[in-house]
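User: Please take a close look at one part of this model for me. I would like to hear about the charged side chains and how they pair, with some context from the rest of the chain.

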Amino acid sequence: MTQLGGVLKPKTKRSKRFLESRSPKLTEDVKSAMIMKGGNTSQTITQALKDIYSLKKPNAVLYKKKNITRPFEDSTSLEFFSKKTDCSLFLFGSHNKKRPNNLIFGRLFDFHVLDMIELGIEKYVSLSEIKASKCPEGTKPMLVFAGEAFDTENDHKRLKSLLIDFFRGPTVPAVRLAGLEHVLHFTALDGKIYLRSYRCLLKKSGCRTPRIELEEIGPSFDFVLRRTHLASDDLYKLAHRQPKALKPKKKKNISTDAFGTKFGRVHMQKQDLSKLQTRKMKGLRKRKGQGQEVAEEQDTQAPKVAKVES
């Protein structure tokens, strides 16, 4: 590839396909995550990164070598690896005396760090410690958030948005009932964040709708919120912009309610009901001579008025 005036021009078909895959699209590909560990780690962090990688597969890249970097002080190495692997999400694990068992969830916009939130692990149960059948690789999880903090506090709002971006998986047009088998439950309570992973079991209920039971399959985390690096409101709004081609076109006289029901409004001119053609029924037709007989009956039934001569 050659660079002329800041524009890359491919020389071969392979480089042309590579540039086309990295170019902006109306519908972007599934967000991938890079998972890496810092210079100092513990056994807990190493195993936690592997378990989260198993939840994120196949849209994740796991780095096994140590990377001596501090994301909150210098994020250039993260931006370099992001551009190299075309990943817009990252998870960085480290361990030191001041901040033991540390995980940093983050995302990038235009290959620059947008948000970073640091979580400390207080309690952890790995996938291997919970003896239960696991969900297949690549299963799209259902995300459940419980706790008022996710709706009221700004840090928890951004954390909720970041976790949805990280674990949501691919966008699909439809989901079958048997495919809803993995649940990730996040709870914010008393300044801590609890992550639990469950498998949905569809049991017989005696009717068409099955009875659902949840079985914990791991991993299990108890997090505490530490440092945060949040984007400004203007940059955050810019990152959420959509191209005009994807925005739904407004149609006149058509509206949709909160439940997705579509309503249409029809405009009509004022009708003259006297000229309205109704359905003719045989029982309502007048017979021949029926009108004359009715008139005679009315005359016989009318009361006679006596004339008074003066």
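Analyst: This is a predicted model. I begin with a helix and work towards the salt bridges.

Lys 16 sits in helix α1, which spans residues 13-22. Its relative accessibility is 46%, so Lys 16 counts as partly exposed. On the surface, Lys 16 joins Lys 13, Arg 14 and Arg 17 in a patch of positive charge. Members of such a patch have no salt bridge.

Now the paired charges. The whole structure holds 13 salt bridges. Asp 115 is a good place to look. One partner is Arg 107, with the closest N and O atoms 3.0 Å apart. Asp 115 and Arg 107 are buried. Asp 115 also forms a salt bridge with Arg 158, where the closest N and O atoms are 3.4 Å apart. Arg 158 belongs to helix α5 (residues 154-167) and Asp 115 to strand β7 (residues 112-125), so this pair ties together parts 43 residues apart in sequence. Arg 158, like Asp 115, is buried.

These contacts belong to a network. Salt bridges link Asp 115, Arg 107 and Arg 158 with Lys 31, Asp 165 and Asp 233.

For contrast, take Arg 70 and Glu 73. They form a salt bridge too, with 3.7 Å between the closest N and O atoms. Here both residues are exposed.

Strand β7 also holds residue 117 within its range of 112-125. Ile 117 and Leu 230 are 113 residues apart in sequence, but their C-alpha atoms are 7.8 Å apart in space. Leu 230 is in the loop between β12 (220-229) and α6 (233-239). With a relative accessible area of 26%, Leu 230 is partly exposed.

Next, the aromatic rings. There are nine aromatic pairs in the structure. In one of them, Phe 145 and Phe 150 meet edge-to-face, with 5.3 Å between centres and 80° between the planes. Phe 150 is buried, at 3% relative accessible area. Ring pairs join Phe 145 and Phe 150 to Phe 105, Phe 166, Phe 167 and Phe 186 in a cluster.

Last, a nonpolar surface patch. Its members are Val 172, Val 175, Leu 177, Leu 180, Leu 202, Ile 212 and Leu 214, and together they have about 610 Å² of accessible area. Leu 202 comes from strand β10, residues 192-203. Its relative accessible area is 40%, which makes Leu 202 partly exposed. That value passes the patch cut-off of over 30%.

Note on methods
Residues numbered from 1 in each chain as written. Predicted model: local features only at pLDDT ≥ 70, side-chain atom pairs only at ≥ 80, totals over all residues. Heavy atoms only, no water. Patch = residues over 30% accessible without salt bridge, like charges linked within 9 Å, V, L, I, M, F, W, Y side chains within 5 Å. Areas by Shrake-Rupley, 256 points an atom, 1.4 Å probe, with all protein chains shown as cover. Salt bridge = Lys/Arg side-chain N within 4 Å of Asp/Glu carboxyl O. Lys, Arg positive; Asp, Glu negative; His and termini not counted. Charge placed at Lys NZ, Arg CZ, Asp CG, Glu CD. Helix = DSSP H or I, 4+ residues; strand = E, 2+ residues; numbered from the N terminus. Buried < 20%, exposed > 50% of the residue type's maximum accessible area, 1.4 Å probe, protein only. Phe/Tyr/Trp six-rings, centres within 6.5 Å; stacked < 30°, edge-to-face > 60°.
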